[in-house]
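These are my notes from going through one model, entry by entry. I started with how two of the helices are set against each other.

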Amino acid sequence: PSSIATAVKLMYAGAVVSVVSGLASIFTMDKDEIRRQVQDSDRTLSGSKLDQAVNIGYTMGIIMGVVMILLATALWIVMAIFNGKGMNWARIVSTVLAVLSVLMTVFGLTQDSNGLVKGLDLLTPIIGIAVAVLLWLKPSSQYYEACEVARARS
């Protein structure tokens, strides 16, 4: 049904938004802010030790950012594939992920970040909620039921 087709397309769009948002977060990381955070957490660091800690923090931020991009993108794509195949468990997981995305975004709004990143971060729960609604519409539910029956017969 069109509700499933649209939800799947939105999930692929969610994957793209995850990549763009993640890259924006990485490219807007502020070494000066990292330096302030390191200094606030350990006032005894100075000179080369402080620089080393800042560089480690910056590098870890990049690594974590890349890992988060890969995980988020993979989740969107896996959910798109399995929801497209009418797997009811994927509908449930997608709904749970949409709710978690809303909660994480509400928490994230209290964090200090660049306007572009915040704007992109707001798209993720909007896409997630739209997907969840589409997946639970009557035609979608009928599709999942029909897929389940077909799998049981084979």
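Helix 2 and helix 3 are oblique to each other, because their axes cross at roughly 120°, and oblique covers angles that are not under 35 degrees, over 145, or 65 to 115. I note that the model is predicted.

Entry on the same pair. I looked up the separation and found that the axes of helix 2, residues 31-41, and helix 3 come within 9 Å. I then looked up the hand of the crossing, and it is right-handed.

Entry on the surface. I asked which helices each supply at least two residues of the nonpolar patch. They are helix 3, spanning 47-84, and helix 4, spanning 88-108. Helix 4 gives the largest share, with 9 residues. I listed the members of this surface patch, among them Leu75, Val78, Trp89, Met104 and Trp136. Together the patch residues have about 1,100 Å² of accessible area.

Entry on Met104. I picked this residue from the patch and placed it in helix 4. Is Met104 buried or exposed? Its relative accessibility is 60%, so Met104 counts as exposed, the cut-off being over 50%.

Entry on Ala132. I found Ala132 in helix 5, which runs over residues 115-135. Its relative accessibility is 10%, so Ala132 counts as buried; the cut-off for that is under 20%. I also checked Ala132 against Val38: the two are 94 residues apart in sequence, and their C-alpha atoms are 40 Å apart in space.

Methods:
Residues numbered from 1 in each chain as written. Predicted model: local features only at pLDDT ≥ 70, side-chain atom pairs only at ≥ 80, totals over all residues. Heavy atoms only, no water. Patch = residues over 30% accessible without salt bridge, like charges linked within 9 Å, V, L, I, M, F, W, Y side chains within 5 Å. Areas by Shrake-Rupley, 256 points an atom, 1.4 Å probe, with all protein chains shown as cover. Salt bridge = Lys/Arg side-chain N within 4 Å of Asp/Glu carboxyl O. Helix = DSSP H or I, 4+ residues; strand = E, 2+ residues; numbered from the N terminus. Buried < 20%, exposed > 50% of the residue type's maximum accessible area, 1.4 Å probe, protein only. Axes fitted to C-alpha atoms, helices over the stretch in contact; angles between N-to-C directions. Left-handed = near helix turned anticlockwise from the far one by under 90°.
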